[in-house]
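Visitor: I'd like a close look at just one part of this protein, please. Could you walk me through it slowly?

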Amino acid sequence: MEDKQAGFAGLGLMGSLMAENAVRQGWRITGWNRSPGAVARLLDQGGTAAATVADMRDLPVIIFMLPDLPHIEEAAAGLLLSWQQRLPAPGTVLLVMSSVSPTGIRDFGQHVRLASGGNAQVVDAPVSGGTKGAADGTLAIMAGADDAAAFQHVEPLLGTMGTTVRHLGPLGAGSLAKACNQLVVGTTTAALAEAAELAECSGLDPAALFDVLAGGLAGSRVLDIVGPRLARKDYTPTGPAKFMHKDLSFVLDAANAAGTATPMAAAAVELYAELKRQGLGDRDLAVVRETIANLSQQAAAAAEGTVAP
């Protein structure tokens, strides 16, 4: 892409770091965010600001890094309306890097095509790697695009944020890949949380246990990154745990569409729903350990209640 400029809507924990990496690698990034503090940080890094997403209408690429597709649709409403009044340049790309529904993103892509007279299209490119990967520019980026040329158009920009960038298929393929990623991450984190609780309640040190597990078949990137937080019960947010429930719900939707069984995802969706019911959704993913501990306490209290005085 010769014209190294792009819009960036959504400068949260992940988005701000991703946008700053692009700026550091020579991209002219125009940012928008609901809260002004994040935009001020981008300005300090050399970016510029837009008052609304519609003000980015003439940029060749507009990135969205918002919590879910309804937030993206709301933020993009003024932009699409402006395009109906004056069409964007051919080849314009809306780059959705949030974790969204694989089926929903395809519907959004059709809406964008109609609103832009076919001049703009959506590429979905969700990420994995957390805030550390976002800060280091080492995210894994899984992309879906109906037109290979659209992916090639944004690939250099994606390369400023990630070291593993793959075009996996048509629009929605990236979101399906992210759903599969979250199936593995969510269930693995839950299993490690259960192991930590079982170990500690049985007199073992969870940190020592994880040290041993890391040297065997149970070793994984999830254990390396989330394990220490689970062991020391550090639930400082690196990303809200409530989003895992959303992402795993997308797994169930995709499995229903494909006609496949996902028993692990079904169990995990209920566990993370319980996490939200316990009011823990805004804490780190590792807080699923506290959810499991609370369930243990509830079970013990219920058992005591069945014992005759």
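Visitor: Which residue in strand 4 does glycine 7 stand opposite?

Guide: Keep in mind that what you see is a predicted model. The residue you want is isoleucine 62: that's what glycine 7 faces over in strand 4. Let's use this pair as our way in. Strand 4 covers residues 61–64, and three bridges pair it with strand 1 in the parallel sense.

Now stay on strand 1, which spans residues 5–9. Four of its five residues are buried, so the strand is largely enclosed by the rest of the structure. Here "buried" means a relative accessible area under 20%. Strand 1 also pairs with strand 2, residues 28–32. Those two run parallel as well, joined by five bridges. If you'd like one pair to find on screen, try alanine 9: its bridge partner in strand 2 is tryptophan 32. And how does the chain get from strand 1 to strand 2? It goes through helix 1, residues 13–24, making a β-α-β crossover that is right-handed. While you're looking at strands, here's a handy rule: in a regular strand, side chains alternate between the two faces of the sheet.

One last stop, away from strand 1: lysine 178, which sits in helix 7, residues 173–201. An unreviewed UniProt entry lists Lys178 under "active site". With a relative accessible area of 9%, lysine 178 counts as buried, because the cut-off is under 20%. Leaving aside neighbours within four places in sequence, lysine 178 is in contact with Ser99, Pro126, Val127 and Met142.

Technical notes. Residues numbered from 1 in each chain as written. Predicted model: local features only at pLDDT ≥ 70, side-chain atom pairs only at ≥ 80, totals over all residues. Heavy atoms only, no water. Buried < 20%, exposed > 50% of the residue type's maximum accessible area, 1.4 Å probe, protein only. Pairing = 2+ DSSP bridges. Right-handed = clockwise from strand over helix to strand, strands pointing away. UniProt positions renumbered as here; feature names shortened; annotations may be inferred. Contact = heavy atoms within 4.5 Å.
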